[in-house]
Amino acid sequence: MPKRPPRGEMIDLGGRRLHVVRRGPRGDKPTIVLEHGAFGCASDWGVVQARLAAKGLHSIAYDRAGLGLSDPGPQPRDGRALNADLSALLAAMGEAGPYVLVGHSMGGLMVRLYALTHPAEAVGVVLVDDVLPDVMESGQGARAVRAYGRAMRWVGVGARFGLMRPVAAMTGNMIGLEGEAAVEKRRIYGLGSHARWAAEEVSQWPATSDQAAIGNYPPDLPIAVVTAGVEERTPWLKSLQVAPALASRHGYVDHVAGAGHASLLGRRFADPIVRGVEHILAVI
C-alpha cells in the first residue's frame with residue numbers, strides 16, 4: 001500500500017522548503033500562529049488545530065527548519081534565525097497579520113521574541129506551559145536546560161543509527177494525538193534528521209533565551225497563560241510562567257489539573273488552550 005502524502009503543504013523560502021499545515025476558514029479574525037516546542041513539529045498541534053477550526057478560526061502550524069518534514073536552515077538555529085524563517089514563511093504564504101501567537105514549551109521563547117521584534121503583527125500571545133528567559137537565570141532551571149541539552153546530543157547521535165525508530169513506536173504519541181497527526185508524529189520521531197536539528201536548536205537555547213530577554217511584553221498586549229497541572233505543582237516555575245499574564249492589563253491564567261507538559265496539547269486537555277485563544281480574541 002503506498003504511503004499517504006503528508007498533511008499540509010511545502011512552502012519555498014528561496015531554495016529550501018518548510019512544511020506547513022493550515023486549518024480553519026479565513027475570516028475577519030486574526031490568524032493563529034502555533035509554535036511548537038523543542039523536538040516538536042506541526043503534528044503536535046493536530047488536536048488544537050482541529051478544535052480551533054471547529055470554532056471557525058484559521059490557524060497555522062509548521063515544522064521549523066530541519067525538523068519534521070522541513071528542509072534544514074543555516075546555522076546557528078537560534079531564536080533570531082527561527083523568527084526570520086517564520087516572518088519569511090508568513091510572507092510567502094500570503095498570511096497577512098496581525099496574529100495571535102501561541103507557543104508551547106521552548107516555543108514560548110520564540111513567540112516572545114517575535115512579539116517584541118514585530119509589535120505591529122502581534123495582537124495577543126498564548127503561552128502553553130512555556131519556558132521563559134527567567135528560567136535560565138535560576139540555578140534549577142539552568143541545570144535542567146543543560147541536562148536536556150546533553151540528552152538531546154545523545155539522542156541525535158543515536159538517531160543516526162536508527163535507534164529512535166523503536167523509541168518512536170512506544171513514545172511518539174505522548175501528546176494524545178488523533179488520526180493522521182498521530183501517525184505523522186510517530187514517523188517524524190524516528191527520523192535521524194529531526195533528532196539532529198532538534199539537538200541543534202536545544203544547543204542554542206541559552207542564546208535564544210538571551211535574545212527573548214530583550215524586553216517585557218507591553219502591558220496592553222493581551223497574554224493568556226495555560227499551564228500543565230495544578231498551581232501547587234512546581235511553584236517556582238508556575239510563578240515565573242504566570243508573570244506575563246499578571247503584568248498584562250488583559251491577562252488570563254488557567255492551571256489545567258491532570259495535564260502533563262505534552263498531554264496538554266492532546267485530546268484530553270486541548271480545550272483550555274482554545275479558551276486561551278478565545279480570551280485573546282474577546283479582548284482585542
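Which residues does Arg77 touch, not counting residues up to four places away in sequence? They are Ala65, Leu82, Asp85, Trp197, Glu200, Glu201 and Gln204. This is a predicted model, and the report starts at that arginine.

**Around Arg77**

Arg77 sits in the loop between strand 4 (59-62) and helix 2 (79-93). Is Arg77 buried or exposed? Its relative accessibility is 1%, so Arg77 counts as buried, the cut-off being under 20%. Its side chain makes polar contacts. One is with the side chain of Asp85, at 2.8 Å. In addition, a polar atom of the Arg77 side chain lies 2.9 Å from the backbone oxygen of Pro74.

Several partners of Arg77 belong to helix 8. Among the residues that Arg77 touches are Trp197, Glu200 and Glu201. Those three are also among the buried residues of helix 8. The others buried there are His194, Ala195, Ala198, Ala199 and Val202. Helix 8 covers residues 192-203, 12 residues in total. From first C-alpha to last, helix 8 reaches 17 Å, close to the 16 Å expected at 1.5 Å a residue.

**From Leu13 to helix 2**

Asp85 has another partner to report. Leu13 is in contact with Asp85, and also with Leu18, Ala88, Leu89 and Ala92, leaving aside neighbours within four places in sequence. Leu13 is found in the loop between strand 1 (9-12) and strand 2 (17-23). How many residues apart in sequence are Leu13 and Ala91? The answer is 78, yet their C-alpha atoms are 9.6 Å apart in space.

**Helix 3 against helix 9**

Two packed helices are described by the angle between their axes and the distance between the axes. For helix 3 (residues 107-117) and helix 9 (residues 205-212), the axes come within 9 Å. They cross at roughly 35°. The crossing is left-handed. Which residues meet there? Helix 3 brings Leu109, Met110, Arg112, Leu113 and Leu116. Helix 9 brings Trp205, Thr208, Ser209, Gln211 and Ala212. By class, this contact has 6 nonpolar, 3 polar and 1 charged residues.

**Backbone exceptions**

Most residues other than glycine have a negative phi, and most peptide bonds are trans. The table lists some exceptions.

| Site | Backbone feature | Loop |
|---|---|---|
| Gln75 to Pro76 | cis, omega near 0° | Pro76: between strand 4 and helix 2 |
| Gly97 to Pro98 | cis, omega about 5° | Pro98: between helix 2 and strand 5 (99-104) |
| Phe39 | positive phi, about 65° | between strand 3 (31-35) and helix 1 (46-54) |
| Asp129 | positive phi, about 40° | between strand 6 (122-128) and helix 4 (134-137) |

Pro76 lies in the loop between strand 4 and helix 2, and so does Arg77. That loop therefore holds a buried arginine and a proline that follows a cis peptide bond.

Are Phe39 and Asp129 buried or exposed? Phe39 has 7% relative accessibility, so Phe39 counts as buried. Asp129 has 10%, and counts as buried too. Neither is a glycine, although phi is positive at Phe39 and at Asp129.

Methods. Residues numbered from 1 in each chain as written. Predicted model: local features only at pLDDT ≥ 70, side-chain atom pairs only at ≥ 80, totals over all residues. Heavy atoms only, no water. Helix = DSSP H or I, 4+ residues; strand = E, 2+ residues; numbered from the N terminus. Buried < 20%, exposed > 50% of the residue type's maximum accessible area, 1.4 Å probe, protein only. Polar contact = N/O pair within 3.5 Å; in protein donor to acceptor, adjacent residues only side chain to side chain. Contact = heavy atoms within 4.5 Å. Axes fitted to C-alpha atoms, helices over the stretch in contact; angles between N-to-C directions. Left-handed = near helix turned anticlockwise from the far one by under 90°. Nonpolar A, V, L, I, M, F, W, Y, C, P; charged D, E, K, R; others polar. Expected span 1.5 Å × (residues − 1).
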